[in-house]
Amino acid sequence: MSFIPLLQAADATGSQSMLFSVLPFVLLIAIFWVFIIRPQNKKQKEAEKMRESVQKGDKIITIGGIHGTVSAVREKTVVLKVEDGSRIEFDRSAISFVSTDRKSSKSEKPEKIEVESKESEEPEKSEKIENEKSSAE
């Protein structure tokens, strides 16, 4: 009896079973990377770009909820002017939202919104009321 063919067959199935036992873990790591890690890294890069692009006059909201207008930009900090005229200095990492809506929007007059007037309906109502009054008399 020769055991060599039996050992070769056992060795081939052992490597395949090892491959099939490791494959689910590899797939799990790939799924986590595609659906969790990669999108999180993209968001982090976009937030960093936003913080780097802050300029004087931008309206921002901090992570603490403070709304203000940028009055000075420094290397690692930003000085905010809040409504009462006071100035507060924040780290750039404390910025959560930047609106590039500059001061020019305040000086411009808001556009008039045309609303359908009910003038055409009002004369009809007044005529009906007059007709009712005259018929009642």
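This is a short selection tour of a predicted model, going from the helix to the sheet and then to a charged pair.

**Stop 1: helix α1**

Select residues 4–52, which make up helix α1. Within this helix, pick L28. L28 has a relative accessible area of 43%. Because the partly exposed class lies between 20% and 50%, L28 is counted as partly exposed.

Now extend the selection to I31, F32, W33, V34, F35, I36 and I37. Together with L28, these residues form a nonpolar patch on the surface. Display the accessible surface of this group: the patch adds up to about 790 Å² of accessible area.

**Stop 2: the sheet**

Switch to a cartoon view and look for the open sheet of five strands. Reading across, the order is β4-β3-β2-β1-β5, and the pairing is antiparallel. Select β4 and then β5 (95–99) to see the edges, where each strand pairs on one side only. Looking along the sheet, neighbouring strands are turned against each other by 40° on average, with direction ignored.

**Stop 3: the β3 and β4 hairpin**

Select β3 (77–81) and β4 (residues 87–91). These two strands pair in the antiparallel sense, with five bridges between them. For one position in this pairing, pick V78 and look across to β4, where F90 stands opposite.

Then move to the connection. The hairpin has five residues between its strands. Which residue there takes a positive phi? Select G85, whose phi is near 95°.

**Stop 4: the salt bridge**

How many salt bridges does the structure hold? There is one, and to see it, show the side chains of R74 and E89, which meet at 3.0 Å, N to O. R74 sits in the loop between β2 (67–73) and β3 (77–81), while E89 belongs to strand β4. The two residues are 15 residues apart, so the pair links distant parts of the chain.

Finally, colour both residues by accessibility. Are R74 and E89 buried or partly exposed? R74 has 43% relative accessibility and counts as partly exposed. E89, at 45% relative accessibility, is also classed as partly exposed.

Notes: Residues are numbered from 1 along each chain as its sequence is written. This is a predicted model: local features need pLDDT of at least 70, side-chain atom pairs count only at pLDDT 80 or more; totals for chains, interfaces and linings use all residues. Side-chain values use heavy atoms; hydrogens and water are left out. A salt bridge is a side-chain nitrogen of Lys or Arg within 4 Å of a carboxyl oxygen of Asp or Glu. Helices (H or I, at least four residues) and strands (E, at least two) are DSSP runs, numbered from the N terminus. Buried means under 20% relative accessible area, exposed over 50%, partly exposed in between (1.4 Å probe, protein chains only). Patches are made of residues with over 30% relative accessible area and no salt bridge: like charges are joined within 9 Å, nonpolar side chains (Val, Leu, Ile, Met, Phe, Trp, Tyr) within 5 Å. Accessible areas come from the Shrake-Rupley method with a 1.4 Å probe; for residues, only the protein chains shown count as cover. Two strands pair if DSSP finds at least two bridges between them. Axes are lines fitted to C-alpha atoms, for helices over the stretch in contact, and angles run from 0 to 180 degrees between N-to-C directions.
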